[in-house]
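Q: Could you go through this structure with me, first the whole chain and then one residue?

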Amino acid sequence: MREQYLTVADEGAHETEINRSRFICTLAPAATERDAQDFVARVRGEHPTATHNCFAYVIGADAAVQKASDDGEPGGTAGVPMLQMLLRRDIRYAVAVVTRYYGGVKLGAGGLIRAYGGAVGEALDVLGTVTRRRFRLATVTVDHQRAGKVENDLRATGREVRGVRYGEAVTIEIGLPDSDVDAFRAWLADATAGTAGLELGGEAYGDV
C-alpha cells in the first residue's frame, strides 16, 4: 500500500472560457466506482443541453480503477487528458466531469487536449485537495481512572483518535503511522505504568 495520496475534500465546480466555449469542471470525492458513475450521471442530468459531458475518475489508493470518456469529442482529446491530469497530480478516489458548451470556434485536437486537461488542473488548484496518509489501526485498552488523561494526551500530541468506547475498561481506537508503533508502545507503557493494552489491527487511510 502506498504511504499517502491526494483527493478532493468536497464537491465543487470551476468554470473557464476558451474561444467562447464554456468549460465547467465539477469535482467530487468518490469512494467506489459506483459513486463515480452516479456522480457523472447526476452532472449530466444537471446539464442536459451541454455539447459534451466528458469525465474521468480514479478509484483506489493504487489507482486500480481508471476510466475516462470523451463523450463525443474526438478520440483521446477529452477524457484521457482529464485522467492524465488526475494521475499527474496524484489524485485518487475522485471523479471529474468537464461540461462543455460549444461557443462556435473549433479548438482542434491540441486545443481540446489543453482545454480539458487544463480545466481539471485549474479546478484542483481552485477547489483544493487534501492528503490522506496510511495508518495502522490500533486499539488502546485502559482503566477508567487513566482513560481521560490518556485520551487528552493522545489528542494533544496530534494523534488520530477514531473512537472511544466505555465498558468494563475504556477502549480508544487510534490511527498510527507504522514508523510510530514502537515509540507509541513505549510511550503508552510509561504513561500508564504498564497497565494499558495495545492491539494492532489492519490499515486504513486518513486525513493528515
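A: What follows concerns a predicted model, taken from the overall chain down to a single arginine, Arg100.

Q: How many helices and strands does the chain have?
A: The chain has five helices and ten strands.

Q: And what radius of gyration does the chain have, set against a compact globule of 208 residues?
A: The chain has a radius of gyration of 23 Å, whereas a compact globule of 208 residues would have one near 17 Å; along its principal axes, the C-alpha trace spans about 75 × 30 × 25 Å.

Q: What share of the residues is buried?
A: Buried residues account for 42% of the 208 in the chain, and the accessible surface comes to about 10,400 Å², with 47% of that belonging to carbon and sulfur atoms.

Q: Switching to charges, how many positive and negative side chains are there?
A: There are 24 positive and 29 negative side chains, and the centres of the two sets lie 5 Å apart.

Q: OK, now Arg100: where is it placed, and is it buried or exposed?
A: Arg100 lies in strand S6, which covers residues 94-101, and it counts as buried because its relative accessible area is 4%, under the 20% cut-off.

Q: Which side chain does Arg100 make a polar contact with?
A: The side chain of Arg100 is joined to that of Glu73 by a polar contact of 2.9 Å.

Q: What else is Arg100 in contact with, leaving aside neighbours within four places in sequence?
A: Besides Glu73, the residues in contact with Arg100 beyond those neighbours include Ser21, Arg22, Phe23, His52, Leu107 and Tyr116.

Conventions
Residues numbered from 1 in each chain as written. Predicted model: local features only at pLDDT ≥ 70, side-chain atom pairs only at ≥ 80, totals over all residues. Heavy atoms only, no water. Helix = DSSP H or I, 4+ residues; strand = E, 2+ residues; numbered from the N terminus. Buried < 20%, exposed > 50% of the residue type's maximum accessible area, 1.4 Å probe, protein only. Polar contact = N/O pair within 3.5 Å; in protein donor to acceptor, adjacent residues only side chain to side chain. Contact = heavy atoms within 4.5 Å. Rg over C-alpha atoms; globule rule 2.2 N^0.38 Å. Areas by Shrake-Rupley, 256 points an atom, 1.4 Å probe, with all protein chains shown as cover. Lys, Arg positive; Asp, Glu negative; His and termini not counted. Charge placed at Lys NZ, Arg CZ, Asp CG, Glu CD.
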